[in-house]
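Welcome! Let's work through a few exercises on a protein model, one small step at a time.

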Amino acid sequence: MKKIIFTLLICTATMAANATDMCARDDVMVLAFDPMVNATSTGSYAPEWSWWVQFPYGRIAGEATCLSAAEALGRTSGFGAYYGTGEYSSTFITVESGLSGVDADGAERKYCWCKMTHPAVSRWVFGAYSGLSNCATACPAACSGRIQTDRLHKYIFETIGM
């Protein structure tokens with residue numbers, strides 16, 4: 001009898017300890033992204049256009065891309081924006097990750113955009129100002145760095161599920 005009670009106690013304690021990390025029911029997972037919590041560390045890997053940021057509540061990861069003004073639907077400023085400008089002011093940016101060099105019209109891709117891909121997927125968010133000397137190598141690091149120093153994650157979290 002003591003073994004059964006002890007086993008039930010251990011099982012219950014384990015479930016209670018994990019309940020603060022994740023709540024799942026009916027194949028739905030609830031994650032709490034707090035934009036007011038500061039990142040503890042960051043990293044990036046330019047060859048794969050990837051970045052990650054560690055928070056006390058877990059790690060988020062994503063990808064980066066460089067766009068020309070035309071590909072960004074006119075968006076060349078506006079830290080944290082996720083849409084174009086002018087007639088495109090309500091249009092989301094939809095592109096592939098890892099773009100660099102020049103676009104089809106020969107315009108330089110020098111505007112850095114960031115997107116979270118883990119543990120949820122966000123929209124592309126304007127992450128770095130124009131004029132990056134080498135967007136292809138600087139953009140992934142700019143994404144992770146701006147999340148840590150400038151709270152870019154606030155805007156990324158706002159676009160989850162949009």
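Rings of Phe, Tyr and Trp, taking the six-membered ring for Trp, pair if their centres lie within 6.5 Å. Keep in mind throughout that this is a predicted model.

**Exercise 1. Ring pairs**

Task: Find which residues the ring pairs link into a cluster, and describe the pair that F55 and Y57 form.

Solution.

Step 1. Start with the whole structure: a search finds 6 aromatic pairs.

Step 2. Look at how F55 and Y57 are arranged. Their centres are 5.1 Å apart and their planes differ by 5°. Planes under 30 degrees apart count as stacked, and this pair is stacked.

Step 3. Follow the ring pairs further. They join F55, Y57 and F157 into a cluster.

Step 4. Compare the surroundings of the two stacked rings. F55 has a relative accessible area of 1%, so it is buried, because buried means under 20%. Y57, at 33%, is partly exposed.

Step 5. Now try another pair, W113 and F126. Here the centres are 5.3 Å apart with 80° between the planes, which makes the pair edge-to-face. The pair links distant parts of the chain, with W113 in strand 6 and F126 in strand 7, 13 residues apart. Both W113 and F126 are buried.

**Exercise 2. The sheet**

Task: Work out in what order the strands of the open sheet lie, and which strands are at its edges.

Solution.

Step 1. Take stock of the elements. The protein has 3 helices and 7 strands, and from the N terminus they run α-β-β-β-β-β-β-β-α-α.

Step 2. Place the strands of the sheet. Five of them, in the order 3-4-5-6-7, form an open sheet with antiparallel pairing.

Step 3. Find the edges. Strand 3 (41-45) and strand 7 (125-128) each pair on one side only, and these are the edge strands. From one strand to the next, the twist averages 35°.

Step 4. See what packs on the sheet. Helix 2 (residues 135-150) touches strand 3, strand 4, strand 5 (58-67), strand 6 (111-118) and strand 7. The direction of helix 2 makes about 15° with that of strand 4.

**Exercise 3. Strand 4 and its neighbours**

Task: Show how strand 4 pairs with strand 3 and with strand 5, and say which of its side chains are buried.

Solution.

Step 1. Begin with strand 3. Strand 3 and strand 4 (residues 50-55) pair in the antiparallel sense over 5 bridges. S44 has W51 as its bridge partner, and T42 has V53.

Step 2. Look at the connection. These two strands form a hairpin with 4 residues between them, and W49 in the turn has a positive phi of about 55°.

Step 3. Turn to strand 5. Strand 4 and strand 5 also pair in the antiparallel sense, over 6 bridges, and form a hairpin with 2 residues between them. Across this pairing, W52 stands opposite A61 in strand 5.

Step 4. Sort the side chains of strand 4. W51, V53 and F55 point to one face and are buried. S50, W52 and Q54 point to the other face and are not buried.

Step 5. Visit W52 once more. The charged end of R59 sits over its ring, 3.8 Å from the ring centre.

**Exercise 4. Inside the protein**

Task: Find how many residues the largest nonpolar core has, and which helix gives the most to it.

Solution.

Step 1. Recall a general tendency: in soluble globular proteins, nonpolar side chains tend to be buried together.

Step 2. Consider this protein. Of its 162 residues, 32% count as buried.

Step 3. Describe the largest core. It has 24 residues, and those with the most contacts inside it are W51, I60, C112, C139, I147 and I156.

Step 4. Ask where they come from. Strand 4, strand 5, strand 6, strand 7, helix 2 and helix 3 each supply at least two residues. Helix 2 gives the most, with 5 residues.

Step 5. Zoom in on I60. Leaving aside neighbours within four places in sequence, its contacts include F33, W51, M116, I147 and F157.

Step 6. Note the other core. A second, separate core of 8 residues includes L67, A72, L99 and W124.

**Exercise 5. One buried residue**

Task: Is T159 buried or exposed, and which residues does it contact?

Solution.

Step 1. Locate T159: this residue is in the segment after helix 3 (152-158).

Step 2. Check accessibility. T159 has 0% relative accessibility, so it counts as buried.

Step 3. List its partners. Leaving aside neighbours within four places in sequence, T159 is in contact with Y82, S122, R123 and V125.

Terms used: Residues are numbered from 1 along each chain as its sequence is written. This is a predicted model: local features need pLDDT of at least 70, side-chain atom pairs count only at pLDDT 80 or more; totals for chains, interfaces and linings use all residues. Side-chain values use heavy atoms; hydrogens and water are left out. Two strands pair if DSSP finds at least two bridges between them. Axes are lines fitted to C-alpha atoms, for helices over the stretch in contact, and angles run from 0 to 180 degrees between N-to-C directions. Contact means heavy atoms within 4.5 Å. Rings of Phe, Tyr and Trp (its six-membered ring) pair if their centres lie within 6.5 Å; planes under 30 degrees apart count as stacked, over 60 as edge-to-face and the rest as tilted. Buried means under 20% relative accessible area, exposed over 50%, partly exposed in between (1.4 Å probe, protein chains only). A charge sits over a ring if NZ of Lys or CZ of Arg is within 6 Å of the ring centre and within 35 degrees of the ring normal. A nonpolar core is a set of buried Ala, Val, Leu, Ile, Met, Phe, Trp, Tyr and Cys residues joined through side-chain atoms within 4.5 Å.
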